[in-house]
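Colleague: I'm new to this one. Could you walk me through how to read it, starting with the empty space inside?

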Amino acid sequence: MKPFPEIDPEIRGLLEEIVADPRSSIRLVPRRPLLSWFTSGETVRPREISATSAERHLLMAYREELARLLYEAGAIAYWKAAECMHRPLDSSGKPSHPTRQEPEWHRDATRRLMISTQLPESLELLRKCLVGIEARDALPVLQASLGLVPSDQTRCYVAISIPEEQPRSAIAAFGRLLSSSYPRSLRLHVLHSLGIRLALVGRYHEAREYYRQASALDSGQVGRSYSFNLSCVLEDELGAMADSAELGRCASRDSIRVTEAKAIISRWLRSDPRRKNPGAVRLADRLVTKVSEPAAILCQAYAS
Amino acid sequence: MAAEEPDRRTAAWPSFLRGSTPEEVFAHLSQGDPLRLQERTARRLREVWVLLEPDRVYRYALAVCATAAPAEEPAADLEAWALAKIDRAIDQLVRSDIEAERTRPDMLTDEEQNFPLLTDSLYVDPGRVRAVAVAFNRLEPLPRRAFFELLVEGRDVVACIEGGPWDMDGLYLAIHTALAVFNLDLPLAPASPPAGGNPQP
């Protein structure tokens, strides 16, 4: 990928002069161009995926099918590395592992691509996925799918797949989805994902608010588990008690979601020592005998 | 009888633009953005060098399209039709901001204050963003173009001069003029641009 240029040093120098002037409204000199505010990240088009006009024609003809295959491959790629996201539930109510669908996806993709035998080899992304779906391919594969067929569901996955080191891009993408997406199920997913991203960058109050909003849209077990955790991190005992009460109403001590949340919270705490601050540990320790049973299980994440 | 007449609109509009009311069309258009309005509005703002928050223009363009489709004959060229609606949305928002700045300069809605390009990248105070955008959008095309090419697109000065209708002094004057809307009047050097230093588009 072409590296993003920097703003010309001469122009940066001019901006620095301006910022130094007390009359100026500008308070910061950006290093990078402001282009990212004017792109939706959806500029992948058939001509960018494929080279010749014949190939582009075929791409147009099989557009929907290819978009679906790319979407499914992107989802599998994402789950190969996802650590902080709760897993979807299967028909028996147990967390499923979308990565296990890879062999089936491979068979399906191979069969379909054989039907359309003339499909170009230069569909590099899809070809790569047929060799093996890799976690790092999630974002480009999903963007390619989105480039073929716009859909909020794919947009949501694109936002989820934005690398952890680009939190601003991800938060902006989820913000856009939140203001425009209508299906309830998607909104729930966006709220959870926004909570995760904000928590990862230390914006705990906002993250907790999104988790609480999310908990109103489903059983509440996932949202309340994480908002309880953030109340502990924020050393907000009253907030934790409120979250605990809500969690006690919607989940039992052997809830699969609570067990999963405990594991995710443990990983999250371990990944950055600053999150497991002494005040939070003390609060969790104190709360363990006072809160609802599912909340008490979450408190154990701080003891481990 | 009206009922026997073929409905030309429903016959030719794509499914996502079909509907008897703007609300119905809006619901189709909002889900999945099949007209790619979000991408197109962002790109169009860069093409016409207008400083507006892209998502705000997108939402407005959605409403313009949803209102227009049930009232208009099906468009032969959907891309051109969408572009015309985006231009209308941009034009109406520019006018609306000018009017708001005139009638309620100290009162900004949440939507008007939400302009992360200015607030997050340049740290302009949220209460000032509408005034800045209005002043910027009132400028002649050349200063606006200079701002977009140098700061938004990130082109270097030499490439910008080579590709534009200006020489070095003209570009310098243009970017100074553009940046002056951020409440600043730096002394210009040279004091008066040489002949040919201020080319017209």
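Modeller: Sure, and keep in mind that this is a predicted model. Start with three helices of chain A: H10 (184-200), H12 (221-233) and H14 (256-271) each supply at least two residues of the lining of the largest cavity.

Colleague: How do you find a cavity, and how many cavities of 30 Å³ or more are there?

Modeller: Rolling a probe the size of a water molecule over the atoms shows where empty space is left. Here the count comes to four cavities of 30 Å³ or more, and the largest holds about 120 Å³ of space.

Colleague: Which residues line the largest cavity, and are they nonpolar, polar or charged?

Modeller: Among them are Cys84(A), Tyr211(A), Tyr226(A), Asn229(A) and Trp268(A). The lining has ten nonpolar residues, one polar and no charged.

Colleague: Now the packing. Which residues touch the most other members of the largest nonpolar core?

Modeller: In soluble globular proteins, nonpolar side chains tend to be buried together. In this model the largest nonpolar core has 79 residues, and Tyr78(A), Trp105(A), Leu126(A), Phe174(A), Phe228(A) and Leu287(A) touch the most other members. Helix H4 (residues 63-81) of chain A gives the most to this core, eleven residues. There's also a second, separate core of 67 residues, including Phe38(A) and Ile90(B).

Colleague: What is Trp105(A) in contact with, beyond its neighbours within four places in sequence?

Modeller: Its partners include Leu69(A), Glu72(A), Ala73(A) and Leu126(A).

Colleague: And what about chain A overall?

Modeller: Chain A has 16 helices and zero strands, and 51% of its 304 residues are buried.

Methods
Residues are numbered from 1 along each chain as its sequence is written. Chains are lettered from A and ligands numbered from 1 in the order in which they are written. This is a predicted model: local features need pLDDT of at least 70, side-chain atom pairs count only at pLDDT 80 or more; totals for chains, interfaces and linings use all residues. Side-chain values use heavy atoms; hydrogens and water are left out. Helices (H or I, at least four residues) and strands (E, at least two) are DSSP runs, numbered from the N terminus. Buried means under 20% relative accessible area, exposed over 50%, partly exposed in between (1.4 Å probe, protein chains only). A nonpolar core is a set of buried Ala, Val, Leu, Ile, Met, Phe, Trp, Tyr and Cys residues joined through side-chain atoms within 4.5 Å. Contact means heavy atoms within 4.5 Å. On a 1 Å grid over the protein atoms alone, a cavity is a set of points where a 1.4 Å probe fits but cannot get out, and a pocket is an open set with protein on both sides within 12 Å along at least five of seven lines; lining residues have an atom within 4 Å of a point. Grid points are joined across faces, edges and corners, and a volume is the space filled by probe spheres set on the points. Ala, Val, Leu, Ile, Met, Phe, Trp, Tyr, Cys and Pro count as nonpolar, Asp, Glu, Lys and Arg as charged, and the others, Gly among them, as polar.
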